[in-house]
Amino acid sequence: MSNHGSQQLFTRLTALLKMLGLLMISVLFLLILFAFPGMFSGKTNHAEKEQAKVMPDTVFSRPWKAPEDWRMMYLSDSQKEKVLYGRELIAHTAEYFGPKGKVRASSNGMNCQNCHLNAGTQPWGNNYLAVQANYPKFRDRSGTLENQVKRVNDCFQRSLNGQALDSTDKAMKAILAYIAWVGQDVPKHYIPRGSGIYKLALLDRAADTLKGRKIFIEKCQTCHQKNGEGLLNDSGTAYTYPPLWGPASYNNAAGLFRISNLAGYVKYNMPFGVSYQNAQLKDEDAWDVASFINAMPRPSGDKTKDWPDIAKKPFDHPFGPYADPFTEQQHKFGPFKPIKKWKSTHNKKS
Ligand code: HEC
Ligand code: HEC
């Protein structure tokens, strides 16, 4: 072979190798594309990223558990009695503090357990697992460092539309003993998986009260009744099905009056019997039904001392004034994404 010929062969070989290389890179690229759909599709908008942050599959596996009852054998008799009385008060609050309560009539007839399922132990059922490890805690709503007495009384005054208990009250001490029992295994400042209420991804649109009404009629009305008024037991001492709106429901200063809380609670706990493992509603159904429920009349609560720093109001706090330019209507029903975006660009310093 001439010198020229071998050179030609060489250039051809390198060209072939280059092509092979390119081919391999493209195959690799395609593989990646199939393995991680959405990675290059520009469809990964903010919500999906946000959801990816909270929703890797681990979120719903192995949620933190409350201690089992047999461990109470290590408590002193008096301590055990206190914890059990606390649990009884959480589960059957109305029997003690409802309109026909045997201790005193100082709340609306709901039970703590209506919103803190299984006496505050249900994963994603607004449980108390994070409380003992994280209080006292600075909360933006009051702008103060809050202890557990204050936090429990918040729910008495807002969710139960009633009166606060004194910190020395036997019932308050029992409730706190129970909350401490539930959270005893959680390391300080740690937020256990499955505690509180699940944060749903935001919709691109405003929540729709008309669609929500339809869902209410289809999926909620049989228990919570036609006018959301709930159903009392035969003796009228407590609700078999608690009210969703009206005079005996939570007031408009309560946590559930923010529709993100209500939607997250409903999605993984209602219709009664579902859990985080077998939710029935689509996210948008949960948002819509929440918007319908919170559009209905309910008692007004004292909000005069809330959110002293208005820039700290959450995106779905439905009462102005606001640091941002959005209306009360939009803060109540959405769309929330523009509000969150505004907050993230303007609240950098805080
Ligand atoms: C109408 C529903 C409702 C009722 C009834 C209710 N709560 Fe709550 N509670 C909430 C909501 C909503 C939150 C806030 C959840 C959040 O922001 O993630 C909350 C939060 C709490 C917290 C703080 C949890 C934490 O992790 O920081 C405690 C403690 C608490 N409630 C105790 C009680 C007690 C005790 C009662 C009964 C006297 C009660 N709640 C009744 C809805 C309710
Ligand atoms: C099978 C009966 C049943 C159905 C259907 C049902 N719920 Fe409930 N709901 C309950 C019961 C019972 C509780 C209280 C749970 C407890 O105390 O353990 C409750 C509690 C609630 C609460 C918290 C307490 C309150 O009254 O504010 C909300 C909010 C709620 N339900 C919303 C809904 C929504 C929305 C639907 C329809 C998607 C629905 N529920 C369907 C039985 C039902």
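A nonpolar core is here a set of buried Ala, Val, Leu, Ile, Met, Phe, Trp, Tyr and Cys residues joined through C-beta atoms within 7 Å. I worked with a predicted model throughout.

**Entry 1: cores**

I looked up the largest nonpolar core and found 35 residues in it. The members that touch the most other members are L262, A263, V266, W287, V289 and A290. At least two residues of this core come from each of α10 (209-219), α12 and α13 (283-295). A second core, of 33 residues, lies apart from it, and I noted V83, A94, L129 and Y239 among its members. I then took V266 by itself. Setting aside residues up to four places away in sequence, I listed its contacts as L281, A286, V289 and A290. As a general remark, nonpolar side chains in soluble globular proteins tend to be buried together.

**Entry 2: helix α13**

I checked α13 next, since its residue A286 is among those that V266 touches. α13 has 13 residues and reaches 18 Å from its first C-alpha to its last, close to the 18 Å expected at 1.5 Å a residue. How many of the residues of α13 are buried? I found ten of the 13, so the helix is largely enclosed by the rest of the structure. The buried ones are D285, A286, W287, D288, V289, A290, S291, F292, I293 and N294. I note that two Asp residues, D285 and D288, are in that list. The buried residues of α13 pack against α10, α12 and α14 (328-333).

**Entry 3: helix α9**

I repeated the check on α9 (residues 170-182). α9 has 13 residues and spans 19 Å between its first and last C-alpha, close to the 18 Å expected at 1.5 Å a residue. Ten of the 13 residues of α9 are buried, so I logged the helix as mostly covered. The buried set is A171, M172, A174, I175, L176, A177, Y178, I179, W181 and V182. The cover over these residues includes α3 (77-91), α4 (93-97), α6 (117-120), α7 (131-134) and α8 (148-157).

**Entry 4: ligand 1**

I listed 25 residues around ligand 1, of which C112, C115, C155, S159 and G255 come nearest. The elements giving two or more residues to this shell are α5 and α8. α8 gives the most, with four residues. By class I counted 16 nonpolar, eight polar and one charged. Domain 1 (69-182) and domain 2 (209-346) each supply at least three residues of the shell around ligand 1.

**Entry 5: ligand 2**

For ligand 2 I listed 22 residues, with C220, C223, P242, P271 and F272 nearest. The elements that give two or more residues here are α5 (112-115), α11 (221-224) and α12 (259-269). The class split is 16 nonpolar, five polar and one charged. Where does ligand 2 lie with respect to domain 1 (69-182) and domain 2 (209-346)? Both domains give residues to its shell, so I placed ligand 2 between them.

**Entry 6: P123**

I found P123 in the loop between α6 and α7. Is P123 buried or exposed? I counted 23 other C-beta atoms within 10 Å of P123. The cut-off for buried is 20 or more, so P123 is buried. Apart from neighbours within four places in sequence, P123 is in contact with P63, G194 and Y276. I also took the C-alpha separation between P123 and F60, which is 9.0 Å, although their positions lie 63 residues apart along the chain.

**Entry 7: backbone**

I scanned the backbone for exceptions. In general, most residues other than glycine have a negative phi, and most peptide bonds are trans. The peptide bond from Y135 to P136 is cis, with omega near 0 degrees. P136 sits in the loop between α7 and β1 (137-139). The bond from G320 to P321 is also cis, with omega near 0 degrees, and P321 is in the loop between α13 and α14.

R62, not a glycine, has a positive phi of about 45 degrees. R62 lies in the loop between α2 (46-54) and α3, and is exposed, with 10 other C-beta atoms within 10 Å. H189, not a glycine either, has a positive phi of about 65 degrees. I found H189 in the loop between α9 and α10. H189 has 9 C-beta neighbours inside 10 Å and so counts as exposed.

**Entry 8: whole chain**

Last, I took the totals. The chain has 15 helices and four strands. Of its 350 residues, 36% count as buried. Among contacts with a separation of 6 or more, 65% join residues 24 or more positions apart.

How values were computed. Residues are numbered from 1 along each chain as its sequence is written. Chains are lettered from A and ligands numbered from 1 in the order in which they are written. This is a predicted model: local features need pLDDT of at least 70, side-chain atom pairs count only at pLDDT 80 or more; totals for chains, interfaces and linings use all residues. A residue is near a molecule or strand if its C-beta atom, placed from the backbone, lies within 6 Å of it. Ala, Val, Leu, Ile, Met, Phe, Trp, Tyr, Cys and Pro count as nonpolar, Asp, Glu, Lys and Arg as charged, and the others, Gly among them, as polar. Domain bounds come from an automatic or database domain assignment. The expected span of a helix is 1.5 Å times one less than its number of residues. A residue is buried if 20 or more other C-beta atoms lie within 10 Å of its own, exposed if 12 or fewer, and partly exposed in between; C-beta atoms are placed from the backbone. Two residues are in contact if their C-beta atoms, placed from the backbone, lie within 7 Å.
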